[in-house]
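Subject: A structure for you to look at

Hi there,

Here is the structure I promised to pass on. Have a look at it first, and then read my notes below with the picture open beside you.

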Amino acid sequence: MGSSLSDTVWLSDKRLNLLLLLMEGPRNIDQIKTSLNVTSRGMMPQIKKLKEKYLIVEEDEQYCLSTIGELIVEKMLPLLNTIEMVSNDDTYLETHDLSELPPKLFRRLYELGNYLLIEPDLNHTFEIPREFTENLLKSRNIKSIISFYRPEYPDIYCELMEHAESMSLIMTPPVFERMKQSCNSKMIRLIEAPHIHVYIFPENSRPPGLDTSERFTYISFLDKNGRYDHKDIMSFDESALKWGDELFDYYCSFCEKIEI
């Protein structure tokens, strides 16, 4: 009995890796051997099986995905990327509240890519992580969702105002009120600055914290009890920057802009 198409794809790491490699473009056998660190003897039987299932074709001594192969690999990538992302730290994603994410971005959570899990040491639990402030202060175009208050925020965002080319801030109503109470003059400066846009989030919703720019995306999900546990996700992948930008725009679409 011949193997199924599914078995051909999934039951061999060599075949799977070759399909993923050819998603990037045609390769000859020498390029395949170099990229996948395989021998001709070990690879040719796998190439033969993929050709028999019409997943790859050979043209001018180069192998490339067939039309069917392109369709299958394109659908495989989200699953493989999701598995890889979850494997990064499945405990974090399982113990934090992702329910506020719009469905289309939840399904594309894998776009966060090879993210870093930022956890402070016990002596600095309540301090803003250095990785966050360093990258934020080097950013030129910033979009932030401030869903919980930190005493350092008024100073940080006023400092950013001085060198950022553009900055958009979404605040929950409690955060906005707290920012005004702690430093009203700085809030007025932020709101009046022509390159700064400040928005208020609807009263009964609490999105994840988010800072995204041309450099990085930084996300603070609340835990399942609605608390912030000082564990954050940080990614520099291009796909994560796009994902963070789309998340901000989604929430901004039903926020109210603050004017003075």
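Let's begin with a pair of strands: E7, residues 209-212, runs antiparallel to E8, and 4 bridges join the two. Together E7 and E8 make a hairpin, with 4 residues between them. Please keep in mind as you read that this is a predicted model.

You can follow the pairing residue by residue. Thr212 has Thr217 of E8 as its bridge partner, while Asp211 is matched with Tyr218 in E8. On to the next neighbour: E8 also pairs with strand E9 (residues 232-235), again in the antiparallel sense, over 3 bridges. Here Ile219 stands opposite Ile233 of E9.

Which way do the side chains of E8 point? In a regular strand, side chains alternate between the two faces of the sheet. Strand E8, residues 217-220, shows this nicely: Thr217 and Ile219 point one way, Tyr218 and Ser220 point the other way, and all of them are buried.

Now zoom out to the sheet. It is an open sheet of 8 strands with mixed pairing, in the order E3-E9-E8-E7-E4-E5-E6-E10. The edges are taken by strand E3 (116-118) and strand E10 (256-257); each has a single partner strand, so one side of each has no neighbour in the sheet.

Next, the inside. In soluble globular proteins, nonpolar side chains tend to be buried together. The largest nonpolar core in this model has 34 residues, and the members that touch the most others are Tyr157, Met167, Met171 and Leu190. Two or more residues of this core come from each of these elements: helices H8 (130-137), H9 (153-163) and H10 (173-192), and strands E4 (141-146), E5 (166-171) and E6 (196-200). Apart from this core lies another one of 24 residues, and Met85, Phe201, Phe221 and Phe248 are among them.

Met171 is a good residue to click on. Leaving aside residues up to four places away in sequence, Met171 touches Ile146, Phe176, Met179, Met187, Val198, Tyr199, Ile200 and Phe201.

Then there is the surface. Trp10, Leu11, Leu79 and Ile83 form a nonpolar patch there, with about 410 Å² of accessible area together. Trp10 belongs to helix H1, residues 5-10. Is Trp10 buried or partly exposed? Its relative accessible area is 37%, so Trp10 counts as partly exposed.

Two loop residues are worth a look for their backbone angles. Tyr54 sits in the loop between helix H4 (40-52) and strand E1 (56-59). Its phi is near 60°, which is a positive value in a residue other than glycine. Glu61, in the loop between E1 and strand E2 (62-65), also has a positive phi, near 65°, and is likewise not a glycine. Tyr54 is exposed because its relative accessibility is 59%, and Glu61 is exposed because its value is 66%.

Finally, find Thr67 in helix H5, which covers residues 67-88. Thr67 has a relative accessible area of 68%, so this residue is exposed. Thr67 and Ile56 are 11 residues apart along the chain, and 8.4 Å separates their C-alpha atoms.

Happy exploring, and write back with any questions!

Best wishes

Methods: Residues numbered from 1 in each chain as written. Predicted model: local features only at pLDDT ≥ 70, side-chain atom pairs only at ≥ 80, totals over all residues. Heavy atoms only, no water. Buried < 20%, exposed > 50% of the residue type's maximum accessible area, 1.4 Å probe, protein only. Pairing = 2+ DSSP bridges. Patch = residues over 30% accessible without salt bridge, like charges linked within 9 Å, V, L, I, M, F, W, Y side chains within 5 Å. Areas by Shrake-Rupley, 256 points an atom, 1.4 Å probe, with all protein chains shown as cover. Salt bridge = Lys/Arg side-chain N within 4 Å of Asp/Glu carboxyl O. Core = buried A, V, L, I, M, F, W, Y, C linked by side-chain atoms within 4.5 Å. Contact = heavy atoms within 4.5 Å.
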